[in-house]
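The following exercises are to be worked through with the sequence and the model side by side. Each task is followed by a solution in steps.

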Amino acid sequence: MFVLSIVIAYSCNNAEGSASEQREKYVLVVHGGAGTITRQNMTPEREAQYRSGLEAALLAGYQIIQDGGDALDAVEAAVRILEDDSLFNAGKGAVFTNDGRNELDASIMYGKNRMAGSVAGVTIIKNPITAARAVMEKSEHVMLAGRGAELFAMAQNIDTVPPSYFRTEPRWRGLQRSLRNDSLRMQNQTAVITPDPDRKFGTVGCVARDKNGNLAAGTSTGGMNNKKYGRIGDAPIIGAGTFADNNTVAVSCTGWGEFYIRNVVAYDVSALMEYKNMPLSDAASAVIKKVGDAGGNGGLIALDKNGNMAMPFNTEGMYRGAITESGKMEIYFYKD
Ligand code: ASP
């Protein structure tokens, strides 16, 4: 089951329209980021770790949906597990900013009523996805940032941690490499500058469809390694990194956030389906192509109102997995 061929993934992606009656519906899809994910720079141990992280998230969300629970609860539960797993660039294990901090972004949206919540640039909230949900359900706002978001989360009794909780050594070393590269660039020693291996992504996200046909989407990230000046990416921006509408689709994105913001990626998938009547796989692929044509890279996961899923990306790989209503699980890392 592990790392099934992408051919199988594509055939799953295309199982739409009339075929949908004969096949199982997908109920939950997760991603753990897109980027330079190749067989050459993986070890069997690392593959096993990523696999078990994605599996744990899929199972936690699946259990909720199987028990008749809501897509929103399933998304929150799955994303929390990935936030707690230090392998992924969200919650513990987030990348560092240029000045050595972890600043986290997250958002969640409920397709039933198109309510949404997000937090941006937070530094002490253990599970930003839970804070984003609280913004949606317990405030009159959609997006809270920085200290205000943290004060709001504390007022809601959401778990906070010292900023050092998020620190991991691999991410810290990643920042140090980027800083060295920056300083070489400033000295104009272009010949010795290596491509930044730490520019890879690693955001997490989940889309789910429950037994009542409700869709939900959530995304959580530490953003991009070495980010500066309070940079905020697409993950907490509704319509860019996250979108859900019961009439169309739930989408969670990962990739170079600036391109996702400018192309309003998550909403664009929904808009193509709504206004052009495109099937999910066509809409999702068209939007990722647009990101690539503009010079951006990354991917997305999407689940439509009929339980079809798509997970296109234009990077070397994307950590991703899906589970159907019978509990059949698929996990993929690579392009081929
Ligand atoms: N989209 C995220 C950002 O730009 C990064 C990622 O997906 O890994 O902040």
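Buried means under 20% relative accessible area, exposed means over 50%, and partly exposed lies in between, with a 1.4 Å probe and protein chains only. This is a predicted model, in which local features need pLDDT of at least 70 and side-chain atom pairs count only at pLDDT 80 or more, while totals for chains, interfaces and linings use all residues. Residues are numbered from 1 along each chain as its sequence is written, and side-chain values use heavy atoms, with hydrogens and water left out.

**Exercise 1.** Determine where Glu76 and Arg133 lie, and what the pair ties together.

Solution. Begin with the contact itself: the side chains of Glu76 and Arg133 meet in a salt bridge at 2.8 Å, N to O, where a salt bridge is a side-chain nitrogen of Lys or Arg within 4 Å of a carboxyl oxygen of Asp or Glu. Next, place the partners: Glu76 belongs to helix H3 (residues 71-84) and Arg133 to helix H4 (residues 128-138), so the pair ties together parts that are 57 residues apart in sequence. Helices here are DSSP runs of H or I with at least four residues, and strands are runs of E with at least two, numbered from the N terminus. Then consider accessibility: Arg133 is buried because its relative accessible area is 13%, and Glu76 counts as buried at 13% as well. Finally, widen the view to the network of salt bridges that links Asp73, Glu76, Arg133 and Glu137.

**Exercise 2.** Examine the salt bridge between Arg51 and Glu55 and state how far apart in sequence the two residues are.

Solution. The N to O distance between these side chains is 3.1 Å. Both Arg51 and Glu55 lie in helix H2 (residues 44-66), 4 residues apart, which is about one turn of the helix. Arg51 is partly exposed, with 27% relative accessibility, and Glu55 is partly exposed too, at 22%.

**Exercise 3.** Identify polar contacts of the ligand, and state how much of its accessible area the protein covers.

Solution. A polar contact is a pair of N or O atoms within 3.5 Å; within protein, one must be able to donate a hydrogen and the other to accept it, and residues adjacent in sequence count only if both atoms are side-chain atoms. A polar side-chain atom of Thr254 is 2.7 Å from a ligand oxygen, while for a side-chain N or O atom of Arg231 the distance to a ligand oxygen is 2.8 Å. A polar backbone atom of Gly257 lies 2.9 Å from an oxygen atom of the ligand. The protein covers 100% of the 270 Å² of accessible area that the ligand has on its own, with areas computed by the Shrake-Rupley method with a 1.4 Å probe and, for residues, only the protein chains shown counting as cover.
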